[in-house]
Structure formats: structure tokens, C-alpha cells
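Biologist: I would like to test some labels against their cut-offs. Please show me the model, and let us go label by label.

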Amino acid sequence: MIDESHVRDLCDAANDDAALVLLEGRARVVEQPSGEESRGALLVITKRDLVERLGPDPSDQDLHDVAGTLSDTVGKLGA
């Protein structure tokens with residue numbers, strides 16, 4: 001559900017308020033999690049929280065590990 005490319009896209013987002021969300025069962029990065037494009041979405045993690053967790057320059061392994069953790073967590077929610 002959430003893979004390394006989603007996490008990388010979030011890290012690369014220009015806006016610190018960008019977020020990884022689930023919308024209609026699909027993961028996607030949105031620039032404004034409170035905006036119209038993410039109405040009804042489940043917030044998974046913000047860029048700010050991700051950078052706080054991994055630092056500003058995470059390794060490929062870090063991205064892979066976080067993607068697995070986020071995917072497992074979301075799966076347990078039944079989303």
C-alpha cells in the first residue's frame with residue numbers, strides 16, 4: 001500500500017506541510033493536507049514529522065524501513 005516511492009516523494013516535497021495520505025484506498029502525497037484535494041483522506045504522516053524522524057537526508061534503507069512500518073500501521077487500521 002505504501003512503498004518507498006511514496007516516502008521519497010514526501011521527502012522531496014517543496015512544502016514542509018506536505019503529507020502522505022490515503023484517499024480512496026490509495027497512498028498519495030498532497031501539498032496541503034487540509035486542502036480540497038485531500039478531503040476525506042486519512043493523514044498518514046507529514047513531511048515535517050518524517051524529517052524529524054529520519055533527518056534531512058535519509059538513506060534508501062531508511063526510506064524502505066519507514067515505508068514498511070507505515071504500510072503495516074495503515075494495514076492494521078483496516079484502511
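Biologist: Why is R8 called partly exposed?

Modeller: This is a predicted model, so the value is computed. R8 has 31% relative accessibility. Buried means under 20%, and exposed means over 50%. The value for R8 lies in between, so R8 counts as partly exposed.

Biologist: What makes R8 and D60 a salt bridge?

Modeller: Their side chains meet at 2.7 Å, N to O. The rule asks for a nitrogen of Lys or Arg within 4 Å of a carboxyl oxygen of Asp or Glu. The pair R8 and D60 passes, so the name fits.

Biologist: How do you know that this pair links distant parts of the chain?

Modeller: R8 sits in helix α1, residues 4-12. D60 belongs to helix α3. They are 52 residues apart.

Biologist: And D60, why is it called partly exposed?

Modeller: Its relative accessible area is 48%. Exposed needs over 50%, so D60 stays partly exposed.

Biologist: What makes D16 and K47 a salt bridge?

Modeller: The N to O distance is 4.0 Å. The cut-off is within 4 Å, so the pair counts. D16 lies in the loop between α1 and β1, and K47 in helix α2, so the bridge ties together parts 31 residues apart in sequence.

Biologist: Is K47 buried or exposed?

Modeller: K47 is buried, because its relative accessible area is 10% and the limit is under 20%. Its partner D16 has 41%, so D16 is partly exposed.

Biologist: What makes R48 and D17 a salt bridge?

Modeller: Their side chains meet at 2.9 Å, N to O. The limit is 4 Å, so this pair passes. R48 is in helix α2 and D17 in the loop between α1 and β1, so parts 31 residues apart are tied together. R48 has 48% relative accessibility and counts as partly exposed. D17 is partly exposed at 35%.

Biologist: Which residues are joined into one network by salt bridges that share partners?

Modeller: E4, R8 and D60. By this rule, the count of salt bridges comes to four.

Biologist: Now V66 in helix α3. Why is V66 called buried?

Modeller: V66 has 5% relative accessibility. Buried means under 20%, so the label holds.

Biologist: What does V66 touch, leaving out residues up to four places away in sequence?

Modeller: V7, L50, R53 and L54. V7 is 59 residues from V66 along the chain, and their C-alpha atoms are separated by 7.6 Å.

Technical notes:
Residues numbered from 1 in each chain as written. Predicted model: local features only at pLDDT ≥ 70, side-chain atom pairs only at ≥ 80, totals over all residues. Heavy atoms only, no water. Helix = DSSP H or I, 4+ residues; strand = E, 2+ residues; numbered from the N terminus. Buried < 20%, exposed > 50% of the residue type's maximum accessible area, 1.4 Å probe, protein only. Contact = heavy atoms within 4.5 Å.
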